[in-house]
Amino acid sequence: MGNWKMNKLISEANEFTSTIGPTIKKATEHNIDIGVAPTYLCLDEVVRSAPKDMLVAAQNCHYEPHGAFTGEISIEMLEELGVNWCIIGHSERRTYFNETDQACNLKIKALIAHHMVPLYCVGETLEQFESGITKEVVRRQVVDGLKDLTASEVKNLVIAYEPVWSIGTGKNASTEIAQDVCCYIRGILHELFGDASEEIRVLYGGSVKPENIRDYLTLPDVDGALVGGASLKIDSYQALLDNII
């Protein structure tokens with residue numbers, strides 16, 4: 001899943017989707033889910049112009065169906081556009097907009113109630129990593145973010161481990177770190193949901209590029225990647241796929 005963040009005008013998004021057809025077709029032939037998360041302004045256009053097998057996600061949502069929440073977007077508004085994936089709890093939302101695990105929990109439960117796919121991000125800061133509390137932080141985020149959900153409700157959930165210190169910095173976590181933490185997340189999910197946890201996909205994110213994506217996706221506990229900058233240009237987006245098939 002490519003996270004475009006606050007990038008691309010509608011015209012640029014159109015240019016991207018107009019040339020992405022062969023890449024999406026190739027991904028489908030290899031049973032790979034592939035998509036992007038555009039800005040709110042680009043969502044409608046991307047949904048309408050993208051190939052039918054391309055996933056389109058929102059970058060955030062509000063848990064209430066409507067109300068006096070200036071600047072927010074409801075799940076029903078996303079549904080009306082045909083969007084059924086949404087990123088929740090990205091580190092930039094947590095850092096710059098004070099999003100908490102509890103707020104993420106409300107959003108995840110609301111998305112699941114609407115049969116949408118939450119892509120829930122967890123990960124530690126550089127200070128937490130250097131203090132050796134990565135797993136403590138990740139456990140709290142997973143447990144609190146998924147509080148009160150049942151095994152039957154989480155089958156479409158996707159978790160993305162994104163160490164904050166590697167996002168947009170070019171400092172990607174080693175494959176050993178990625179495997180260790182993603183395996184740890186799987187263990188927590190099994191504690192919470194039993195065998196249903198086998199249905200939950202775990203992604204790695206953080207300075208993923210065409211040159212290193214294969215290293216991550218060959219790890220036993222990494223099912224996919226949440227990609228930032230490398231998803232913005234069509235050539236690098238295509239290279240991401242080409243390097244894993």
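The following legends describe three close-up views of a predicted model.

**View 1. Surroundings of N60 in the loop between β3 and α4.** N60 lies in the loop that runs between β3 (55-58) and α4 (75-81). The relative accessible area of N60 is 6%; because buried denotes a value under 20%, N60 counts as buried. The side chain of N60 forms a polar contact of 2.8 Å with the side chain of K107. Leaving aside residues up to four places away in sequence, N60 touches Y40, E72, L78, C86, I87, R93, E99 and K107.

**View 2. Buried and exposed faces of helix α2.** Helix α2 spans residues 21-29, and its buried residues are T23, I24 and A27. Viewed down the axis of α2, these buried residues fall within an arc of 95 degrees, so they line one face of the helix. An α-helix has 3.6 residues a turn, so residues three or four places apart point the same way. The exposed residues P22, K25 and E29 occupy the face of α2 turned away from its buried side. Helix α11 (234-242) is included in what covers the buried residues of α2. Just after α2, N31 adopts a positive phi of about 60 degrees.

**View 3. The open sheet and helix α6.** The sheet is built from 8 strands in the order β1-β2-β3-β4-β5-β6-β7-β8, with parallel pairing. At the edges stand β1 (2-3) and β8 (224-226), each with a single partner strand, so one side of each is left without a neighbour in the sheet. Strand β2 (residues 35-37) pairs with β1 in the parallel sense over 2 bridges, and the bridge partner of N3 in β2 is A37. Helix α6 (residues 101-113) packs on the sheet, where α6 touches β4 (85-88) and β5 (117-122). The direction of α6 makes about 160 degrees with that of β5.

How values were computed
Residues are numbered from 1 along each chain as its sequence is written. This is a predicted model: local features need pLDDT of at least 70, side-chain atom pairs count only at pLDDT 80 or more; totals for chains, interfaces and linings use all residues. Side-chain values use heavy atoms; hydrogens and water are left out. Helices (H or I, at least four residues) and strands (E, at least two) are DSSP runs, numbered from the N terminus. Buried means under 20% relative accessible area, exposed over 50%, partly exposed in between (1.4 Å probe, protein chains only). A polar contact is a pair of N or O atoms within 3.5 Å; within protein, one must be able to donate a hydrogen and the other to accept it, and residues adjacent in sequence count only if both atoms are side-chain atoms. Contact means heavy atoms within 4.5 Å. The arc is that of the directions from the helix axis to the C-beta atoms. Two strands pair if DSSP finds at least two bridges between them. Axes are lines fitted to C-alpha atoms, for helices over the stretch in contact, and angles run from 0 to 180 degrees between N-to-C directions.
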